[in-house]
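Please open the model in your viewer, with the side chains shown as sticks, and keep the sequence at hand. The tour below moves from one selection to the next and says what is to be found at each stop.

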Amino acid sequence: MIKSLTVDLNCDMGEGFGAFDIGNDAAIMPFVSSVNIACGFHAGDPAVMKKTVRLAISHGVAIGAHPGLPDLQGFGRRTMAISPEEAYDMVIYQVGALAAFLKAEGGKMQHVKPHGALYNMAATDKTLAEAIALAIYKIDPALILYGLSGSELTLAGEKIGLSVANEVFADRTYQENGTLTPRKEPNALITDPISAVAQVIQMITAGTVLSTQGTLLKIEADTVCIHGDGKTAVAFAEQLHTALKSAGMQLGLPDLSNPNVSTQ
């Protein structure tokens with residue numbers, strides 16, 4: 001069940017590259033409480049990172065790094081055979097890049113959320129998850145790890161002593177094992193805004209979500225992800241923001257106290 005009636009609303013941003021502008025960052029920013037900024041591997045470049053950091057700081061939203069696989073052409077959504085050591089190095093490298101821009105602009109990093117295939121791989125691969133969690137902990141043990149609710153990634157973060165935000169998705173369907181339905185499958189995305197909002201409210205207030213197989217799964221919702229690159233992304237962000245507020249919820253991370261932190 002939900003810890004409180006406080007929930008974070010996050011969005012992946014800074015995912016353009018060079019002359020290509022992807023997403024609706026400026027339009028969506030007013031409706032979210034945290035953002036995950038691409039760090040150059042799956043999307044983003046130095047100019048885009050700087051611009052997005054400045055935009056986020058100007059809106060007063062919490063900022064996180066969004067490291068992914070080195071796959072610009074596939075937008076980081078294609079599975080790659082990488083070792084835990086490679087995952088560790090990739091996370092260190094990318095988080096460090098965003099940290100430099102934040103320092104230069106007077107901002108602060110709150111969290112790290114892996115992107116795309118790296119995120120999904122770490123949700124089920126214990127050794128990969130532990131490598132990612134270790135990288136984040138080595139950079140700064142005060143950083144919060146965003147990971148799929150109930151996954152190997154969140155378990156690894158808790159084990160090493162990080163505060164963890166269990167993430168749920170507004171516009172994605174779930175499998176009965178708690179993972180997200182692969183995007184290549186036709187029912188992976190929820191395109192009806194009413195259905196998406198209803199799923200979010202259920203996940204937050206009841207702590208459950210209905211899988212595509214019809215199984216009612218227990219789920220914990222500390223942060224809700226929305227995507228900013230769809231045709232109706234801005235309208236949906238505003239609609240969900242309004243729905244959460246109307247339901248009496250406060251936007252922002254709930255208490256993520258981790259008893260393991262004091263033992264490190």
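A residue is called buried here when its relative accessible area is under 20%, exposed when it is over 50%, and partly exposed in between. Keep in mind throughout that this is a predicted model.

Begin by selecting D71 and R78, which form a salt bridge whose closest N and O atoms are 2.5 Å apart. D71 has a relative accessible area of 6%, and because this is under the 20% cut-off, D71 counts as buried. Its partner R78, with a relative accessible area of 43%, is partly exposed.

This is a good place to look for further charged pairs, since side chains of opposite charge can pair when their charged atoms come close. How many salt bridges does a search of the whole structure find? The search finds five.

Select next K113 and D12, where the closest N and O atoms of the salt bridge are 3.1 Å apart. This pair links distant parts of the chain, for K113 sits in the loop between β4 (109–112) and α4, D12 sits in strand β1, and the two are 101 residues apart. K113 is buried at 2% relative accessibility, and D12 is likewise buried, with a relative accessible area of 10%. Add E167 to the selection, and you have a network of salt bridges that links D12, K113 and E167.

Move on to R54 and E105, whose side chains meet in a salt bridge at 3.0 Å from N to O. Here helix α2, which holds R54, is linked with helix α3, which holds E105, across 51 residues of the chain. R54 counts as partly exposed at 45% relative accessibility, and E105 counts as partly exposed at 28%.

A charged residue without such a partner comes next: select E15, in the loop between β1 (6–13) and α1 (25–28). E15 is buried yet has no salt bridge, and the nearest side chain of opposite charge, that of R77, is 5.9 Å away. The side chain of E15 does make a polar contact, at 2.9 Å, with the side chain of H42. Other residues that E15 touches include I22, A38, H66, F75 and H115.

Now select helix α4 (residues 116–124), which is largely enclosed by the rest of the structure because seven of its nine residues are buried. Among these buried residues are L118, Y119 and M121, and the buried residues of α4 pack against α5 (126–139), β5 (144–148), α6 (152–160) and β6 (163–169). To see one contact from outside the helix, select I132, which touches L118 and A122, and also A87, V91, P114 and L153. I132 is one of the residues that touch the most other members of the largest nonpolar core, a set of 71 residues.

The last stop concerns rings, for which a search of the whole structure finds two aromatic pairs. F41 and Y93 form a tilted pair, 5.5 Å centre to centre with 45° between the planes. This pair links F41, in the loop between β2 (34–38) and α2 (46–59), with Y93 in helix α3 (residues 84–105). Y93 counts as exposed at 57% relative accessibility. Y119 and F169 form an edge-to-face pair, 5.8 Å centre to centre with 80° between the planes. Because Y119 lies in helix α4 and F169 in strand β6, the pair ties together parts that are 50 residues apart in sequence. Y119 is buried at 3% relative accessibility, and F169 is buried at 4%.

Key. Residues are numbered from 1 along each chain as its sequence is written. This is a predicted model: local features need pLDDT of at least 70, side-chain atom pairs count only at pLDDT 80 or more; totals for chains, interfaces and linings use all residues. Side-chain values use heavy atoms; hydrogens and water are left out. Buried means under 20% relative accessible area, exposed over 50%, partly exposed in between (1.4 Å probe, protein chains only). Helices (H or I, at least four residues) and strands (E, at least two) are DSSP runs, numbered from the N terminus. Contact means heavy atoms within 4.5 Å. A nonpolar core is a set of buried Ala, Val, Leu, Ile, Met, Phe, Trp, Tyr and Cys residues joined through side-chain atoms within 4.5 Å. Lys and Arg count as positive and Asp and Glu as negative; His and the chain ends are not counted. A salt bridge is a side-chain nitrogen of Lys or Arg within 4 Å of a carboxyl oxygen of Asp or Glu. A polar contact is a pair of N or O atoms within 3.5 Å; within protein, one must be able to donate a hydrogen and the other to accept it, and residues adjacent in sequence count only if both atoms are side-chain atoms. Rings of Phe, Tyr and Trp (its six-membered ring) pair if their centres lie within 6.5 Å; planes under 30 degrees apart count as stacked, over 60 as edge-to-face and the rest as tilted. Lists of a residue's contacts leave out its neighbours within four places in sequence.
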